[in-house]
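Q: Please take a close look at one part of this model and describe its surroundings. Start from a single residue and work outwards, keeping the account connected.

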Amino acid sequence: MKKLDEEVVKKRICAYFDSRRVEKRDQEGNVLLSKGGEVLYDEKPYTVTGLALALGFSDRDALFGIRNKKIKVLIDRALLRIEEYAEEKLFCKDTFHGAKLFLEANYKRWQGEETQEIAGLGVCTQWAE
């Protein structure tokens, strides 16, 4: 993005999250409906990299270098929504470990003391032992 525009950023963020919700389909490609006749949806995972791509960045670190306060608030809220999604996955037996790793890798507050101490080395003590 050459120049960030608040409305464009807002639309791209909304479009990114909307794109993660897809209709469930059967083998023939027909949309699946609930017993009540409502369309059933699957939700693709939200990712920090996906958000960066949706905003037109070529680098995910660009999300954290925004100086425009209004745009920074929009991006921070989007990042918080991604964090919430991953945090909810901690309560699912099948997704716990992946969600924990994602949160530790992408959000400093989720890193344990041991991970923070050697983060500069790119090693996590949980798997190093």
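**A buried arginine and its surroundings**

A: R20 lies in the loop between α1 and β1. The model is a predicted one, and what follows is read from its atoms. R20 is buried, yet it has no salt bridge. The nearest side chain of opposite charge is that of E43, at 8.5 Å. In general, oppositely charged side chains can pair when their charged atoms come close. The cut-off for a salt bridge is a side-chain nitrogen of Lys or Arg within 4 Å of a carboxyl oxygen of Asp or Glu.

The contacts of R20 point to one stretch of the chain. With residues up to four places away in sequence set aside, R20 touches D42, E43, K44, P45 and Y46. Of these, E43 has its place in strand β2, and D42 is in strand β2 as well, which spans residues 41-43. Two of these contacts, D42 and E43, can be followed further.

D42 has a salt bridge of its own, with K24, at 3.7 Å from N to O. This pair links distant parts of the chain: D42 sits in β2, K24 in the loop between β1 (21-23) and β2, and 18 residues separate them. D42 is partly exposed, because its relative accessibility is 38%. K24 is likewise placed in the partly exposed class by its 31%. So while R20 touches D42, the salt bridge partner of D42 is K24.

Next to K24 in the numbering are E23 and R25, whose side chains meet in a salt bridge with 2.9 Å from N to O. R25 is partly exposed at 47% relative accessibility, and E23 is partly exposed at 33%.

E43 takes another course. Together with E84, E87 and E88, E43 forms a negative surface patch. Patch residues need over 30% relative accessible area and no salt bridge; E43, at 43%, counts as partly exposed. Helix α3 (residues 69-89) gives the most to this patch, with 3 residues. The patch therefore includes a residue of strand β2, namely E43. It is the same E43 that R20 touches and that offers R20 its nearest opposite charge.

From the patch, E88 leads on to helix α4. A99 lies in that helix, which covers residues 96-106. The C-alpha atoms of A99 and E88 are 8.5 Å apart, with their positions 11 residues apart along the chain. A99 is buried, because its relative accessible area is 7%. Apart from neighbours within four places in sequence, A99 is in contact with A86, K89 and L90.

Back at the loop between β1 and β2, where K24 is found, V31 also has its place. V31, L33, V39 and Y41 form a nonpolar patch on the surface, and their accessible area together is about 300 Å². V31 is partly exposed, with a relative accessible area of 30%. E38 belongs to the loop between β1 and β2 too. E38 is exposed, because its relative accessible area is 58%. Leaving out residues up to four places away, E38 touches L32 and L33, and L33 is one of the nonpolar patch members.

On the other side of R20 in sequence is helix α1, which carries a salt bridge between E7 and K10, with the closest N and O atoms 3.7 Å apart. E7 and K10 are separated by about one helical turn, because they are 3 residues apart in α1 (residues 6-19). E7 is partly exposed at 43%, and K10 is partly exposed at 34%.

These details sit within a protein of 6 helices and 2 strands, whose order along the sequence is α-β-β-α-α-α-α-α. The structure holds 6 salt bridges, among them E7 with K10, R25 with E23 and D42 with K24. Buried residues, R20 being one of them, make up 26% of the 129 residues. Of the contacts with a separation of 6 or more, 45% involve residues 24 or more positions apart. The accessible surface comes to about 9,500 Å², and carbon and sulfur atoms account for 51% of that area.

How values were computed. Residues numbered from 1 in each chain as written. Predicted model: local features only at pLDDT ≥ 70, side-chain atom pairs only at ≥ 80, totals over all residues. Heavy atoms only, no water. Helix = DSSP H or I, 4+ residues; strand = E, 2+ residues; numbered from the N terminus. Buried < 20%, exposed > 50% of the residue type's maximum accessible area, 1.4 Å probe, protein only. Contact = heavy atoms within 4.5 Å. Areas by Shrake-Rupley, 256 points an atom, 1.4 Å probe, with all protein chains shown as cover. Patch = residues over 30% accessible without salt bridge, like charges linked within 9 Å, V, L, I, M, F, W, Y side chains within 5 Å. Lys, Arg positive; Asp, Glu negative; His and termini not counted. Charge placed at Lys NZ, Arg CZ, Asp CG, Glu CD.
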